[in-house]
Amino acid sequence: KAFSNLEFATGKDIIKETSFASLDELANLMIKKPTWKLKISGHTDNKGDVVANLTLSEKRAEAIKKYLVAKGIADNRFKVEW
């Protein structure tokens, strides 16, 4: 299942509260499936500076990982890319 409806504050790596339910659902799924690993891909729109967008993509992907780790998922179960 892909969780593509995650939203962030514009131009920032702050996860919007509207995304918490989906992330909590994902955390619960990963708790139930302890052998599963997850690839987290960060994205931005195509507006603005390319380098800044790449950095923002990285920070957003890491923010998702941090959120899930805080929910009790081991950090070695994630592959983060941007």
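**Notes on a predicted model: S57, two helices and a ring pair**

1. Let's start with S57. Its relative accessibility comes out at 6%, so S57 counts as buried; the cut-off for that word is under 20%. Keep in mind as you look around that this is a predicted model.

2. Where does S57 sit? You'll find S57 in helix α2. Setting aside the neighbours within four places in sequence, S57 is in contact with G42, H43, T44 and W82. Try clicking through those residues in the viewer.

3. Now compare that with V50, which also has its place in helix α2. Is V50 buried or exposed? With a relative accessibility of 67%, V50 counts as exposed, because the label applies over 50%. So helix α2 gives you a buried residue in S57 and an exposed one in V50.

4. While you're on V50, have a look at S22. The two are 28 residues apart in sequence, and from C-alpha to C-alpha they are 28 Å apart in space.

5. Next, the two helices. Helix α1 covers residues 20-32 and helix α2 covers residues 50-70. Their axes come within 10 Å and cross at roughly 60°. That angle falls outside the ranges for roughly parallel, antiparallel and perpendicular, and α1 and α2 are therefore oblique to each other. The crossing of α1 and α2 is right-handed.

6. Which residues make the contact? From α1 come F20, L23, D24, L26 and A27, and from α2 come I64, Y67 and L68. Sorted by class, the contact of α1 with α2 has seven nonpolar residues, one charged residue and no polar ones. The charged class includes Asp, so D24 of α1 is the one to pick out here.

7. Two names from that contact deserve a second look: F20 and Y67. How many aromatic pairs does the structure hold? There is one, and F20 and Y67 form it. A pair of aromatic rings is described by the distance of the centres and the angle of the planes. For F20 and Y67 the centres are 5.4 Å apart and the planes are 20° apart, which makes the pair stacked.

8. The pair also links distant parts of the chain: F20 belongs to helix α1 and Y67 to helix α2, with their positions 47 residues apart in the numbering.

9. Finally, how covered are the two partners? F20, at 29% relative accessibility, counts as partly exposed. Y67, at 16%, counts as buried, because that value is under the 20% cut-off.

Conventions: Residues are numbered from 1 along each chain as its sequence is written. This is a predicted model: local features need pLDDT of at least 70, side-chain atom pairs count only at pLDDT 80 or more; totals for chains, interfaces and linings use all residues. Side-chain values use heavy atoms; hydrogens and water are left out. Axes are lines fitted to C-alpha atoms, for helices over the stretch in contact, and angles run from 0 to 180 degrees between N-to-C directions. Helices (H or I, at least four residues) and strands (E, at least two) are DSSP runs, numbered from the N terminus. Angles under 35 degrees count as roughly parallel, over 145 as roughly antiparallel, 65 to 115 as roughly perpendicular and the rest as oblique. A crossing is left-handed if the near helix is turned anticlockwise from the far one by less than a right angle, and right-handed if clockwise. Contact means heavy atoms within 4.5 Å. Rings of Phe, Tyr and Trp (its six-membered ring) pair if their centres lie within 6.5 Å; planes under 30 degrees apart count as stacked, over 60 as edge-to-face and the rest as tilted. Buried means under 20% relative accessible area, exposed over 50%, partly exposed in between (1.4 Å probe, protein chains only).
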